[in-house]
Amino acid sequence: SPNASPTVVNASLLPVLPPAGTDANTGGLSGQVATRLKAALNEQRTSRGIPGMTAAVIFPDGSMWSAASGYAKLPARSAANNTPFVVGSITKTFVAATIMQLSDAGELSLDDRLSNWLPDYPRATEMTLRQLLNHTSGVFNYFEHPSYNRKVFSTMKIHFWTPNEILTQFARPHYFAPGTGYHYSNTGFILLGLVIEDVTGKPLDTVLDERFFTPLAMNDSYFQYQAPGPASSAHGYLRKADGTFTRISDTTNYRPQISAATVAWAAGGVTASARDIAR
């Protein structure tokens with residue numbers, strides 16, 4: 001209900017993270033329940049043909065269960081419950097939360113026009129930050145550009161993308177006039193990331209670290225741009241028709257590689273452990 005009182009989170013109920021390097025944390029559960037949860041995790045990994053995965057669950061009393069299954073890197077490095085994985089569009093949660101914080105602080109309004117920060121962007125005077133957040137801006141989704149896969153994964157495999165390159169090289173007309181429809185758009189969050197940098201005067205990775213990763217003790221979380229995550233982060237793989245896997249790597253610590261990591265930027269550049277994301 002829009003008129004309901006806001007929920008106040010008791011800080012004492014924030015989960016106590018399990019020690020780094022441990023395989024699982026029961027979160028105070030009985031051994032039987034923890035065993036069943038781990039079995040479910042193993043079943044998901046094997047049935048879906050995934051090299052490695054982790055999971056975390058926070059219970060109503062604030063306790064956390066977390067576990068890992070399989071490998072962070074084939075054939076021998078096991079995944080742990082503090083292994084960072086690419087979390088993709090969960091990155092948008094952090095970007096949206098930052099915009100909301102800046103709105104709460106009076107540094108911007110959700111109904112401000114994009115032209116306040118990017119006056120030369122097409123139809124910027126017609127688009128609001130609210131529309132970018134809820135995918136009603138009509139702005140073209142650059143992941144759908146016909147040359148995206150070729151540029152990111154083939155001819156520009158080791159290219160370090162800038163936000164400006166993303167907006168120019170994958171440009172297409174709007175799907176519809178802003179506010180008149182819905183179409184999921186990663187480009188909208190690239191634009192929001194640029195707004196955040198302009199308002200705060202800081203790089204986006206610094207903003208996310210200062211506002212979320214450090215204060216929430218998300219010690220296994222990283223924004224892949226100015227620098228990659230740690231070597232311990234999980235590698236990316238493509239599953240072939242015969243059931244074997246091909247590793248996606250350019251020998252750096254960017255996951256899955258520099259081009260794919262940097263082209264995601266504010267739309268998907270975070271790597272984190274499952275327990276960090278749950279917290």
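Two strands are taken to pair if DSSP finds at least two bridges between them. In this predicted model, that condition is met by strand E5 and strand E9 (residues 270-272), which are joined by two bridges and run antiparallel. Within this pairing, Val-86 stands opposite Thr-271 of E9. The pair belongs to an open sheet of three strands, arranged in the order E5-E9-E6 with antiparallel pairing. Strand E5 (85-86) and strand E6 (222-223) occupy the edges and have a single partner strand each, so one side of each is left without a neighbour in the sheet. In general, the strands of a sheet pair through backbone hydrogen bonds, in either a parallel or an antiparallel manner.

A further antiparallel pairing is found between strand E7 (residues 236-239) and strand E8 (residues 245-248), which are joined by four bridges. Tyr-237 has Arg-247 in E8 as its bridge partner. The two strands, E7 and E8, form a hairpin in which five residues lie between them, and Gly-243 in the turn has a positive phi of about 90 degrees.

Turning to the helices, helix H6 (residues 186-200) packs with helix H7 (residues 204-213) at an angle of about 75 degrees, and the axes of the two are 9 Å apart. Since angles of 65 to 115 degrees count as roughly perpendicular, H6 and H7 are therefore roughly perpendicular to each other. On the side of H6 the contact is made by Gly-193, Ile-196, Glu-197 and Thr-200, while Leu-204, Val-207 and Arg-211 contribute from H7. By class, the residues of this contact between H6 and H7 comprise three nonpolar, two polar and two charged.

Helix H2 (residues 91-104) and helix H8 (residues 258-268) also pack together, at an angle of about 50 degrees and with their axes 8 Å apart. With this angle, H2 is oblique to H8. The contact involves Thr-91, Lys-92 and Val-95 of H2, together with Trp-265, Ala-266, Ala-267 and Gly-268 of H8. The residues of the contact of H2 with H8 divide into four nonpolar, two polar and one charged.

Strands and helices of these groups recur in the linings of the pockets. The largest pocket holds about 240 Å³ of space. It is lined by 16 residues, of which Phe-85, Ala-234, His-235, Gly-236 and Tyr-237 are the closest to its centre. At least two residues of the lining of the largest pocket are supplied by each of strand E3 (64-73), E5 and E7, and the largest share, three residues, comes from E7. The lining of the largest pocket consists, by class, of 12 nonpolar, three polar and one charged residues.

In the second largest pocket, the space amounts to about 190 Å³. Among the 16 residues that line the second largest pocket, those closest to its centre are Val-86, Phe-143, Ala-260, Ala-264 and Gly-268. Helix H4 (148-155) and H8 each contribute at least two residues to the lining of the second largest pocket, with the largest share, five residues, coming from H8. Nine nonpolar, six polar and one charged residues make up the lining of the second largest pocket. Gly-268 thus appears both in the contact of H2 with H8 and among the residues closest to the centre of the second largest pocket, whereas Tyr-237, with its bridge partner Arg-247 in E8, is among the residues closest to the centre of the largest pocket.

Key:
Residues numbered from 1 in each chain as written. Predicted model: local features only at pLDDT ≥ 70, side-chain atom pairs only at ≥ 80, totals over all residues. Heavy atoms only, no water. Axes fitted to C-alpha atoms, helices over the stretch in contact; angles between N-to-C directions. Parallel < 35°, antiparallel > 145°, perpendicular 65-115°, else oblique. Contact = heavy atoms within 4.5 Å. Nonpolar A, V, L, I, M, F, W, Y, C, P; charged D, E, K, R; others polar. 1 Å grid on protein atoms, 1.4 Å probe; cavity = no way out; pocket = protein on both sides within 12 Å on 5 of 7 lines; lining within 4 Å. Points joined across faces, edges and corners; volume = space filled by probe spheres on them.
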